[in-house]
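Subject: Structure handover

Hi,

Here is the structure we talked about. Please load it first, then read my notes below.

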Amino acid sequence: MSVSLPNRKHKAVAAFAAGLVFLVALAGIRHISPPSESTPAVQNIDPNMVPLVTGDEPIQELFVRAGCPVCHQIPGIAGAKGQVGPPLWLGKTGASRLADPEYKGQAQTVREYIVESVVSPGTYVVPGFPSDTMPTWYGRKLSGAALNKIASYLEQAVEAPPSGRP
Ligand code: HEC
């Protein structure tokens, strides 16, 4: 039949693929999957074990409850030294994400980019980091207030100065 697929069809195919990825990721998180070098921490986070984060928690507790420190370094958050994902100093890196020609998301601001990254991690995968690794269920586990607090914190966050300085 016709040679070129209409754009709509491409979108449908992409949406279907994204759905599949979501299901596979969920299955991977639920059932203890065999250890894989790139995603050592994934199987440690079971969505059923993560309580709803309301946003009333102090910021330190909020991040710890949500499990972000397992995979991310977060300036100012004790124990947040994860190496699976990029360091979350979006005050430094956020603008370059939005400027990346590969970025195809909806966000116009760094703040929106953070929210999008948390609720829809597949929208943009930071180069050099594994896709399908950041959990896809945060939209169900974080209240609007919690997301707001996370975004406010991370949009300001910058690389910590080397320790040991006066
Ligand atoms: C199981 C590991 C894992 C957990 C837990 C996790 N993330 Fe991620 N995250 C990743 C990986 C891997 C990436 C990079 C790939 C991508 O962009 O999807 C990422 C990317 C991000 C980005 C984009 C960063 C950038 O530099 O552009 C943000 C923002 C983010 N995560 C926030 C969070 C927050 C907030 C939490 C907790 C609510 C969290 N993540 C929990 C693995 C994780």
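Three helices, α3 (68-71), α4 and α5, each supply at least two residues of the shell around the ligand. The top contributor is α5, with 3 residues. Keep in mind that this is a predicted model.

The shell in detail: 26 residues surround the ligand, and Cys-68, Cys-71, His-72, Tyr-113 and Met-134 come nearest. By class, the shell residues divide into 20 nonpolar, 5 polar and 1 charged.

Now the polar contacts. Tyr-113 has a polar side-chain atom 2.5 Å from an oxygen atom of the ligand. For Arg-97, a polar side-chain atom lies 2.6 Å from a ligand oxygen atom. Val-126 uses its backbone: a polar atom there is 3.0 Å from an oxygen atom of the ligand.

Next, helix α7 (residues 144-156). Its 13 residues should span 18 Å at 1.5 Å a residue. The end C-alpha atoms are 19 Å apart, which agrees.

Which residues of α7 are buried? They are Ala-146, Leu-147, Ile-150, Ala-151 and Leu-154. These five cover an arc of only 130° around the axis, so they sit on the same side of α7. The spacing rule behind this is general: an α-helix has 3.6 residues a turn, so residues three or four places apart point the same way.

What do the buried residues of α7 pack against? Their partners are α2 (59-66), α4 (90-99) and α5 (110-119). Note that α4 and α5 also supply residues of the ligand shell.

Best wishes

Key
Residues numbered from 1 in each chain as written. Predicted model: local features only at pLDDT ≥ 70, side-chain atom pairs only at ≥ 80, totals over all residues. Heavy atoms only, no water. Helix = DSSP H or I, 4+ residues; strand = E, 2+ residues; numbered from the N terminus. Expected span 1.5 Å × (residues − 1). Buried < 20%, exposed > 50% of the residue type's maximum accessible area, 1.4 Å probe, protein only. Arc of directions from axis to C-beta. Contact = heavy atoms within 4.5 Å. Near = heavy atom within 4 Å. Polar contact = N/O pair within 3.5 Å; in protein donor to acceptor, adjacent residues only side chain to side chain. Nonpolar A, V, L, I, M, F, W, Y, C, P; charged D, E, K, R; others polar.
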